[in-house]
Amino acid sequence: PDGAPGWTLTAHHTPGHAPGHLCFRESRYGAVLAGDLVSTVSTIVIDPPEGHMGTYVRSLERMAGIMGEEGVLHPAHGPVASDGPRVLRRFVEHRQRREDSLVAALRSGLEREDELLRRVYADVPDELLPIAARSLLAGLLKLEEEGRAARRSAGTWAHAGGAEE
């Protein structure tokens, strides 16, 4: 960017929100153009079948590792984050809290997606619940892939345990 030799821009495949999503890291300052991997104004919707929760979380973790301890993050939505790695870790922690809440709701006997949505996304305004429902489904599909949730019928699920529970 300053005309000095040796500057590079490296593309990193970061699927999860979308299959072909890319982040770009520049070599001089370690800044990351994160696109839709993160937003500094809200969380990112993971909308199956294009969105995949497990893949998304792994992409967040991978980019946090690539950034190391410091670096500026330029999201597609919201202001620049001077503490990029911390922002990425916060997103991972946020997704883990949602997953823990979902597992707890399933363990409590809730089965219907509308009931799970109201419990797991109790902090989300009603007008945004249809969007949150897509991320809920992504979370349920992740748990199903891991053997921790089982689909009973359209819109109903059950806790299925799992090795780490």
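**Exercise 1. What area does the chain expose, and what share of it do carbon and sulfur atoms supply?**

Solution. Start with the surface of this predicted model. The chain exposes about 8,700 Å². Carbon and sulfur atoms supply 54% of that area. Next, turn to the inside: 41% of the 165 residues count as buried. Finally, look at the outline. Along the principal axes, the C-alpha atoms fill a box of roughly 60 × 35 × 25 Å.

**Exercise 2. In what order do the elements of the chain run from the N terminus on?**

Solution. First, take stock of the elements: there are four helices and six strands. Then walk along the chain from the N terminus, and you will read β-β-β-α-β-α-α-α-β-β. Now ask how the fold brings parts of the chain together. Among contacts between residues at least 6 apart in sequence, 50% join residues at least 24 apart.

**Exercise 3. Which hand does the β-α-β unit of S3, H1 and S4 have?**

Solution. Begin with the two strands. S3 and S4 (residues 73-77) pair in the parallel sense, over four bridges. You can find one of the pairings yourself: Val32 has Leu73 in S4 as its bridge partner. Now add the helix. Together, S3, H1 and S4 make a β-α-β unit that is right-handed.

**Exercise 4. Why does the span of H1 agree with its number of residues?**

Solution. Count the residues in H1, and you get 15. The span of a helix is reckoned with one less than its number of residues, at 1.5 Å each. H1 should therefore span 21 Å, and its end C-alpha atoms are indeed 21 Å apart, so the two values agree. Just after the helix comes Gly68, whose phi is positive, near 80°.

**Exercise 5. Which residues of H1 are buried, and what covers them?**

Solution. Work along the helix from its start. Met53, Gly54, Thr55, Tyr56 and Val57 are buried. Further on, so are Ser59, Leu60, Met63, Ala64 and Met67. For the cover, look around the helix: it includes strands S1 (9-13) and S2 (22-26), together with S3, S4, H2 and helix H4 (129-145).

**Exercise 6. Which residues of the largest nonpolar core touch the most other members?**

Solution. This core has 21 residues, and those with the most contacts to other members are Leu37, Val38, Tyr56, Leu60, Leu73 and Leu88. Next, ask where the core residues come from. At least two are supplied by each of S3, H1 and helix H2 (84-107). H1 gives the most, with seven residues. Now zoom in on Leu37. Leaving out residues up to four places away in sequence, its contacts include Tyr56, Leu60 and Leu88, as well as Thr14, His21 and Cys23. There is also a second, separate core of 18 residues, and Leu102, Val103, Leu140 and Leu143 are among them.

**Exercise 7. Why does Pro48 count as buried, and what does it touch?**

Solution. First, locate the residue: Pro48 is in the loop between S3 and H1. Then apply the cut-off, which is under 20% relative accessible area for a buried residue. Pro48 has 10% relative accessibility, so it counts as buried. Its contacts, apart from neighbours within four places in sequence, are Arg134, Leu137, Ala138 and Leu141. One last detail concerns the next residue. Pro49 lies in the loop between S3 (32-39) and H1 (53-67). The peptide bond that joins Pro48 and Pro49 is cis, with omega about 10°.

Terms used. Residues numbered from 1 in each chain as written. Predicted model: local features only at pLDDT ≥ 70, side-chain atom pairs only at ≥ 80, totals over all residues. Heavy atoms only, no water. Core = buried A, V, L, I, M, F, W, Y, C linked by side-chain atoms within 4.5 Å. Buried < 20%, exposed > 50% of the residue type's maximum accessible area, 1.4 Å probe, protein only. Contact = heavy atoms within 4.5 Å. Pairing = 2+ DSSP bridges. Right-handed = clockwise from strand over helix to strand, strands pointing away. Areas by Shrake-Rupley, 256 points an atom, 1.4 Å probe, with all protein chains shown as cover.
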